[in-house]
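Visitor: I have a model open and would like to learn how to read it. Could you walk me through it?

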There are 2 protein chains.
Amino acid sequence: MSPGSISQPALYQEVAERLRQRIFSHELQPGAWIDEQALAEQYGISRTPLREALKVLASEGLVTLKPRRGCYVTELAERDLDDIFPLMALLEGRCAFEATQKAGPADLKRLEALHEKLERQASRGDINGFFEVNHDFHQALQELSGNRWLKQVIDDLRKVLKLTRRDSLRLEGRLKQSLEEHRHILAAIRERDAASAEALMHAHLLSGRAALAKMHAAKQA
Amino acid sequence: MSPGSISQPALYQEVAERLRQRIFSHELQPGAWIDEQALAEQYGISRTPLREALKVLASEGLVTLKPRRGCYVTELAERDLDDIFPLMALLEGRCAFEATQKAGPADLKRLEALHEKLERQASRGDINGFFEVNHDFHQALQELSGNRWLKQVIDDLRKVLKLTRRDSLRLEGRLKQSLEEHRHILAAIRERDAASAEALMHAHLLSGRAALAKMHAAKQA
DNA sequence: CTTAATAATACTGTATCCATAATTATGAAT
DNA sequence: ATTCATAATTATGGATACAGTATTATTAAG
């Protein structure tokens with residue numbers, strides 16, 4: 001999975017990362033064709049490392065390789081979201097469970113600090129900031145769970161989810177609601193109630209899916 | 001576009017599949033160095049598609065790419081197995097739950113048939129046959145679950161598990177025990193008891209881990 | 001004016017070649 | 001004899017070149 005521990009990353013990895021960012025920022029939109037020559041020229045590299053990077057992104061599910069027809073940014077259907085969110089709910093729920101059991105006093109303090117930050121971003125109405133800190137909080141729980149493979153799987157799925165626009169937080173009241181859910185999750189962890197933490201995290205993810213669905217419905221109308 | 005003739009898979013995909021088989025069969029052992037030139041020559045191809053195939057295998061976790069130092073078959077530590085099996089237990093448990101709810105009469109019949117086959121392989125003492133049919137049974141449940149992403153994640157993790165030798169079934173009584181567990185799982189599905197199916201499948205996976213650990217302990221001594 | 005056939009173009013897939021970094025081998029010095 | 005330095009070899013990473021196929025454009029026929 002993560003091969004490069006110390007030595008400098010290979011070029012194809014750097015390219016893969018740059019492409020990921022462009023996909024996440026929707027500069028490269030779902031369904032868009034990826035022009036190998038143009039990108040290689042743009043980056044000042046040859047097609048070889050670029051194509052290797054695309055292979056990596058393909059097995060991450062971010063792009064779709066159609067043999068002899070080129071490479072396209074993956075498009076997620078509503079169906080995919082209906083599959084992925086419950087799966088994430090299951091996995092992140094387990095994370096919360098494990099993390100609650102394994103968190104020491106120092107870990108708890110760190111989580112509290114992260115949540116404080118989240119509160120501040122929310123009161124400031126900084127959507128992007130909130131999104132980032134939210135990510136950090138979930139990441140922290142994954143690390144606390146102590147299961148590297150669990151973390152890996154969640155990270156992979158989260159990358160795929162980033163193919164969709166992340167503006168569900170802009171939905172009226174969603175940010176407030178998300179914050180509230182986080183408060184409860186943290187409270188459960190604080191009280192070492194692993195089962196509750198798991199259930200609350202599970203619900204938190206499904207709640208996120210519901211918000212996204214609501215936006216989608218609104219856009220359709 | 002004619003529906004019959006699908007575009008032929010690219011060379012790097014074929015190579016990736018051949019390498020997977022060689023890794024799963026342990027012809028390429030964990031920790032072994034992969035000689036690009038030798039393999040390319042052996043397959044009668046250039047290094048380019050071979051290297052692309054290795055990138056794919058690397059993001060599947062089957063090989064580890066050390067920049068400027070080559071490619072090695074991934075070695076799993078006991079720690080990894082301790083991480084992966086509980087995760088698989090969670091995921092396959094969920095699969096069993098969903099599958100139980102969604103299985104129609106025809107699906108049930110198919111599962112029964114698969115289990116029959118499993119019983120036959122067991123009574124015949126055909127370890128490899130048992131292993132294959134066992135795989136088919138789990139695969140059938142994944143498809144019944146109707147969640148493509150859940151199936152995908154399980155498939156990916158199962159590939160990684162295949163890095164370890166699969167001879168835990170050779171452990172005294174393990175085959176019998178595994179068969180017994182399957183009987184109970186199928187019974188729960190037959191009775192549409194999704195919760196039980198989930199719990200039994202969960203236990204089944206952990207039981208598999210225990211058998212592997214027992215073998216490892218025996219080897220150490 | 002539409003449609004089919006054919007030619008031109010462009011892009012993907014593969015091979016070959018080159019540069020650079022790493023490993024091994026060789027030799028000298030303590 | 002052992003160790004360190006340096007040279008030679010080898011393998012990886014990247015660039016370039018080439019072949020084959022899909023797509024588009026063009027032209028001719030109905």
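Visitor: What share of the contacts in chain A with a separation of 6 or more comes from residues 24 or more positions apart?

Guide: Keep in mind that this is a predicted model. Here residues 24 or more positions apart make up 71% of those contacts in chain A.

Visitor: And which helices and strands does chain A have, in what order?

Guide: Read the pattern along the sequence: α-β-α-α-β-β-α-α-α-α-α-α. That gives nine helices and three strands in chain A. With a radius of gyration of 19 Å, close to the 17 Å from the globule rule for 221 residues, chain A is as compact as a globular protein of that length. Its C-alpha trace spans about 55 × 50 × 30 Å along the principal axes.

Visitor: How do I read the core? Which residues touch the most other members?

Guide: Start with burial: 36% of the 221 residues in chain A are buried. The largest nonpolar core holds 70 residues, and those touching the most other members are Met88, Ala96 and Ala197, from both chain A and chain B. Take Ala197(A): beyond its neighbours within four places in sequence, its contacts are Ala96(A), Phe97(A), Thr100(A), Ile185(A), Ala188(A) and Ile189(A). Another core, of 20 residues, lies apart from the largest one and includes Val15(B) and Leu39(B).

Visitor: Now the interface. How many residues of each chain are in contact with the other?

Guide: Count each side separately: 28 residues of chain B meet 26 of chain A. On the chain B side, helix 3 gives the most, with seven residues. By class, that side has twelve nonpolar, six polar and ten charged residues.

How values were computed. Residues numbered from 1 in each chain as written. Chains lettered and ligands numbered in written order. Predicted model: local features only at pLDDT ≥ 70, side-chain atom pairs only at ≥ 80, totals over all residues. Helix = DSSP H or I, 4+ residues; strand = E, 2+ residues; numbered from the N terminus. Rg over C-alpha atoms; globule rule 2.2 N^0.38 Å. Buried ≥ 20, exposed ≤ 12 C-beta atoms within 10 Å, placed from the backbone. Contact = placed C-beta atoms within 7 Å. Core = buried A, V, L, I, M, F, W, Y, C linked by C-beta atoms within 7 Å. Nonpolar A, V, L, I, M, F, W, Y, C, P; charged D, E, K, R; others polar.
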